[in-house]
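User: Please take a close look at how the helices pack in this model. I would like the crossings, the residues that make them, and the cores around them.

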Amino acid sequence: MLQVALAFSYLGNDIRTGLWSLAATVVYLPLHLRHVWYAGHATRPLFGHWTFAAMAVVILAVTPLAGNMWPRAYASLAVSAVLVLPGPWAFVAYLSLVITAAPASLLLGLPWNAAPWLTLSALCGSGAVLLLVWLSAALVRLQSTREVLAQRAVAQERRRMDDDLHRTLGTALESLAARGARAADLLRSPLGKQDDLVAELAGLADDSRRALAEARQRVRGYRQPSLRAELDTAATLLSAAGIETRLRLPRTGIPDTIAPQPRAALRATVTRLLRTDGVSACTITATVLTSGVRLDVRADDTTETIDVQPHIHTSELRP
């Protein structure tokens with residue numbers, strides 16, 4: 001709007017130059033906004049090279065007709081060049097357009113003392129738009145990374161649950177099936193002993209009760225937060241932020257659950273590290289103690305200790 005207003009009113013311009021500026025702006029501005037929209041969403045526009053070429057033709061072709069302030073539009077063309085063209089070409093095109101804006105205005109009759117202002121205006125205008133686009137694209141990428149990390153955490157938790165069920169309940173159900181088959185064979189056998197059949201059925205009942213108790217305990221554990229999942233998520237977040245992260249776990253394993261208070265402390269530590277500039281490496285060490293687990297989070301030269309106690313369900317406190 002400022003550019004079009006100057007095309008109507010600035011020294012050396014008139015109604016004709018203002019109309020040319022207005023018409024060219026109406027043509028190129030939708031193409032420019034399309035480039036900005038896609039870049040703000042961290043994507044490249046389809047046929048972006050062609051729309052950039054059309055935008056360049058409009059802006060450069062109308063330069064002799066739209067007044068001595070028209071080269072300010074080169075800032076929009078420079079922004080679109082950065083957003084659409086590949087790296088080296090974008091850099092060359094940006095510098096070329098910003099540098100040629102002032103000489104082109106001088107050739108169109110702009111006073112020499114106004115040329116530095118026009119160059120500064122092109123630099124500030126293009127830089128402001130590129131900064132806003134970069135911030136928007138960074139937020140979009142961050143949101144996408146969060147979604148990927150959440151999906152990865154869910155997948156890891158599902159694999160952990162599947163392995164746990166296969167190792168515990170799967171073995172128990174196989175034992176129940178084997179006992180049931182033996183009891184059926186004794187029942188069908190004419191030579192089967194009554195005592196053996198009773199003993200087999202009693203063992204089957206005991207195994208069934210143990211399997212049911214194990215299933216209930218596992219279900220309660222799955223409803224509680226997992227310590228391993230929290231540690232994996234913390235390591236993934238720090239690594240995604242560019243912090244080289246190592247996770248050291250004991251060979252004997254760690255408890256399956258974590259209480260809310262130490263979980264909040266671990267997340268607060270990770271958040272602090274993500275917000276701190278200059279952190280290059282982090283090591284999370286888990287040590288099993290009689291009272292639970294001790295987490296030592298070492299980032300560069302600082303170490304923070306978090307005591308973790310397993311989350312005990314209220315039903316497990318009954319005598």
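Analyst: This is a predicted model. Start with α2 and α4. Their axes come within 10 Å and cross at roughly 40°. An angle under 35 degrees would count as roughly parallel. α2 and α4 are therefore oblique to each other. Their crossing is left-handed.

Now the residues. From α2, the contact is made by Y28, H32, H35, V36 and A39. From α4 come S76, V79, S80, L83 and V84. By type, the residues of this contact divide into 6 nonpolar, 4 polar and no charged.

Both helices also feed the largest nonpolar core. That core has 32 residues. I59, W70 and L77 touch the most other members. Five elements give two or more residues to the core: α2 (15-40), α3 (48-61), α4 (74-84), α5 (87-107) and α6 (115-167).

Look at L77 in detail. Leave aside its neighbours within four places in sequence. L77 is then in contact with F52, M55, A56, I59, L60 and L97. One of these partners, I59, is also among the residues that touch the most other core members.

Next, a residue of α6. L123 sits in this helix. L123 is partly exposed, with a relative accessible area of 39%. Buried would need under 20%, so L123 does not count as buried. Not counting residues up to four places away in sequence, L123 touches Y94 and V98. A78 and L123 are 45 residues apart in sequence, yet their C-alpha atoms are 9.5 Å apart in space.

A second core lies apart from the 32-residue one. This other core has 20 residues, among them L266, C282, I284 and I306.

L266 leads to another helix pair. It is one of the α10 residues that meet α9. Helix α9 covers residues 227-240, and helix α10 covers residues 260-275. Their axes come within 10 Å and cross at roughly 5°. That makes α9 roughly parallel to α10.

On the α9 side, the contact uses E230, L231, A234, L237 and L238. On the α10 side, it uses R263, L266, R267, V270, L273 and L274. The residues of this contact divide into 8 nonpolar, no polar and 3 charged.

Set the two pairs side by side. α2 and α4 are oblique, and their contact includes 4 polar residues and no charged ones. α9 and α10 are roughly parallel, and their contact includes 3 charged residues and no polar ones.

How values were computed
Residues numbered from 1 in each chain as written. Predicted model: local features only at pLDDT ≥ 70, side-chain atom pairs only at ≥ 80, totals over all residues. Heavy atoms only, no water. Core = buried A, V, L, I, M, F, W, Y, C linked by side-chain atoms within 4.5 Å. Buried < 20%, exposed > 50% of the residue type's maximum accessible area, 1.4 Å probe, protein only. Helix = DSSP H or I, 4+ residues; strand = E, 2+ residues; numbered from the N terminus. Contact = heavy atoms within 4.5 Å. Axes fitted to C-alpha atoms, helices over the stretch in contact; angles between N-to-C directions. Parallel < 35°, antiparallel > 145°, perpendicular 65-115°, else oblique. Left-handed = near helix turned anticlockwise from the far one by under 90°. Nonpolar A, V, L, I, M, F, W, Y, C, P; charged D, E, K, R; others polar.
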